[in-house]
Amino acid sequence: MKYIQFAAVIFLLGSGLRAGAQELYVFTEPASNMAAKSIGIRLTNEGIFNGGGNRTMPEVMFSFNKNLMTHFQGFLSDMDGKYRLEGGSVYAKYRFLSVDDAQRHLRAAVFARVSTSKRPVYTEDINLEGDNSGIQGGLVVTQLLHKLALSGTVSYTKAFDVESKQVSGMPGPDQMIGYSLSSGYLVLPFVYKNYNQPNFNVYFEMLGKTNPANGRSYLDLAPALQVILNSRTRIDLGYRFQVAGDMAGRYNKNMYLVRAEFNFFNVLK
C-alpha cells in the first residue's frame, strides 16, 4: 500500500511539473516560479528589424523557495553605433496564491523590476529591458487547464532620469500602464513516459501598453515556439509585431527573439 501511495505522489508531482511546461511563456513571466532551491541561466538575443540593431541579455535566476524568485539581467547592444554595455535590471516575483489539482492549477503573483540604462531616449514607450531606467510593479494570474495554460498581467511603470537622456524634440517617457494576455499549448509529447522526453510548446501572446497621460497606446502580437530537453534545457524562438497603436519611435515594434536557458535543480541550501 505504501508503494502505491508513493507512486501516486510521484505521478502527481511529475504531472504537475510537465503540465506546467506550457506556461513558460517567451515574452512574459507566469505566476508560477521555477523549481525551489534552483538556479537558472539564460542568454537571450533580440534583433530589431529595419536596421534597429541587436541586443544580448545574459541573465541568472534564483528560486529561494516555492514562493519567491529573482532575476539579475544585463543588457548589451549595438543600437547606438557600437556594441556596448547598456545597463542592468533586477526582477523579483512573489507567488501568494496557489490552488492546485491534478493537471490544473490557478496561481497569482506580484512582481517588481528596477532597471538602469544609459541609452538616449527617443520615444515615450518605456522598455525596462535595455532602453530605459525606471521601476515597475504588477500582478500576474496564471490558469493551467491540462495542456493549455492562460495568463494575464497588468503593470505600472515609471521612468527615471528622463530629462538628462531625452533627445531634443522627441517625446519623453514618463509612465505606462502595461497589460498582456498569454496562451501556451503543450503539443508534444502526447503521452508522458519519462522525464527525458522532449517537450514542444506553442505560444501566442498579446502585449500592450497605454500612456495614461495622453491615451496613446499600442498592441503587439507575439507567436513563439519552444523546446524543452531533459526537463532542464529550454530553447525559445519568437517574433513580435505591432497590429495597432499610435506611439511613435518604439524600439521593439518589430523584432525576433532567440533564447537558450539552462536549469540546475536543488543547488541552493
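Q: In this predicted model, when does a charge sit over a ring?
A: Let's start with the atoms involved: NZ of Lys or CZ of Arg. Such an atom must be within 35 degrees of the ring normal, and its distance from the ring centre must be within 6 Å.

Q: How far is the charged end of Arg-119 from the centre of the ring of Tyr-251?
A: Here the charged end belongs to Arg-119, and it sits over the ring of Tyr-251. The distance to the ring centre is 4.4 Å.

Q: Over the ring of which residue does the charged end of Arg-250 sit?
A: This is another charge placed over a ring, at 3.4 Å from the ring centre. The ring under Arg-250 belongs to Tyr-218.

Q: How many aromatic pairs does a search of the whole structure find?
A: Now look for rings that pair with each other. One of the pairs is Phe-62 with Phe-64, at 6.4 Å centre to centre and 15° between the planes, which is stacked. The search of the whole structure gives a total of eight.

Q: Is the pair of Tyr-122 and Tyr-251 stacked or edge-to-face?
A: The two ring centres are 6.4 Å apart, and the planes make an angle of 80°. Planes over 60 degrees apart fall in one class, so this pair is edge-to-face.

Q: Is Tyr-251 buried or exposed?
A: Its partner Tyr-122 has 33% relative accessibility and counts as partly exposed. Tyr-251 has a relative accessible area of 18%. Because the cut-off is under 20%, Tyr-251 is buried.

Notes:
Residues are numbered from 1 along each chain as its sequence is written. This is a predicted model: local features need pLDDT of at least 70, side-chain atom pairs count only at pLDDT 80 or more; totals for chains, interfaces and linings use all residues. Side-chain values use heavy atoms; hydrogens and water are left out. Rings of Phe, Tyr and Trp (its six-membered ring) pair if their centres lie within 6.5 Å; planes under 30 degrees apart count as stacked, over 60 as edge-to-face and the rest as tilted. Buried means under 20% relative accessible area, exposed over 50%, partly exposed in between (1.4 Å probe, protein chains only).
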